Amino acid sequence: MQSLSWTLYEAVHFNDTRILSADWSAYPILRFSAVPDSVAVHVVDNPGSPYLGVAEAAQGPTAGAIANAFRHATGKRIHDLPYSADA
């Protein structure tokens, strides 16, 4: 969910002099109302492999996976985060 939030919502807004994202109420972030009711989690038991954590390994490729799915569905490539309908 955190990776989805980074990819689809989160952006620090600023002008020439300061950061405009000054509090959590105005910060664009995935809200509980937008989170699915359930998420399937598959933990792969791979003894002897280096420890990656449970979720950390998925943080990096999430944006690329969403961009590739969007390209597959529409033929358009998006490059800038957060992804939005304006892209």
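Met1 has a relative accessibility of 41% and so counts as partly exposed; the cut-offs that matter here are under 20% for buried and over 50% for exposed. In this predicted model, Met1 lies in the segment before helix 1, which covers residues 2-8. Together with Val39, Val41 and Val43, Met1 forms a nonpolar surface patch. The accessible area of these four residues together is about 400 Å².

**Overall form**

The protein chain contains 3 helices and 0 strands, and the order of elements from the N terminus is α-α-α. Its radius of gyration is 16 Å, whereas the globule rule gives 12 Å for 87 residues; the value is well over the rule, so the chain is more spread out than a compact globule. The C-alpha trace spans about 50 × 35 × 30 Å along the principal axes.

Of the 87 residues in the protein chain, 15% are buried. The accessible surface of the chain comes to about 7300 Å², and carbon and sulfur atoms account for 58% of that surface. Taking contacts between residues at least 6 apart in sequence, 47% join residues at least 24 apart.

**Helix 1 against helix 3**

Thr7 sits in helix 1. With a relative accessible area of 3%, Thr7 falls under the 20% cut-off and is therefore buried. Beyond its neighbours within four places in sequence, Thr7 is in contact with Thr62, Ala63, Ile66, Leu81, Pro82 and Tyr83.

Two of these partners, Thr62 and Ala63, belong to helix 3. Thr62 has a relative accessibility of 18% and so counts as buried. Apart from residues up to four places away in sequence, Thr62 touches Ser3, Leu4 and Thr7. Ala63 is also buried, at a relative accessible area of 16%. With the same kind of sequence neighbours left out, Ala63 touches Thr7, Leu81 and Tyr83. Leu81 and Tyr83 thus appear among the contacts of Thr7 and among those of Ala63.

Two C-alpha to C-alpha distances involving these helix 3 residues are listed below.

| Pair | Separation in sequence | C-alpha to C-alpha distance |
|---|---|---|
| Thr62 and Gln2 | 60 residues | 9.8 Å |
| Ala63 and Gly48 | 15 residues | 29 Å |

**The cis peptide bond**

Most peptide bonds are trans. The bond that joins Leu81 and Pro82 is cis, with omega at about -10°. Pro82 is placed in the segment after helix 3, which covers residues 61-74. Both residues of this bond, Leu81 and Pro82, are in contact with Thr7 of helix 1. Leu81 is also touched by Ala63.

**The aromatic pair**

A search of the whole structure for aromatic pairs returns 1. The pair consists of Trp24 and Tyr27, with ring centres 5.4 Å apart and ring planes at 85°, so the arrangement is edge-to-face. The angle between the planes is over the 60 degrees that this class needs. The two residues fall into opposite accessibility classes: Trp24 is exposed because its relative accessibility of 64% is over 50%, while Tyr27 is buried because its relative accessible area of 13% is under 20%.

How values were computed. Residues numbered from 1 in each chain as written. Predicted model: local features only at pLDDT ≥ 70, side-chain atom pairs only at ≥ 80, totals over all residues. Heavy atoms only, no water. Patch = residues over 30% accessible without salt bridge, like charges linked within 9 Å, V, L, I, M, F, W, Y side chains within 5 Å. Areas by Shrake-Rupley, 256 points an atom, 1.4 Å probe, with all protein chains shown as cover. Salt bridge = Lys/Arg side-chain N within 4 Å of Asp/Glu carboxyl O. Helix = DSSP H or I, 4+ residues; strand = E, 2+ residues; numbered from the N terminus. Buried < 20%, exposed > 50% of the residue type's maximum accessible area, 1.4 Å probe, protein only. Phe/Tyr/Trp six-rings, centres within 6.5 Å; stacked < 30°, edge-to-face > 60°. Contact = heavy atoms within 4.5 Å. Rg over C-alpha atoms; globule rule 2.2 N^0.38 Å.
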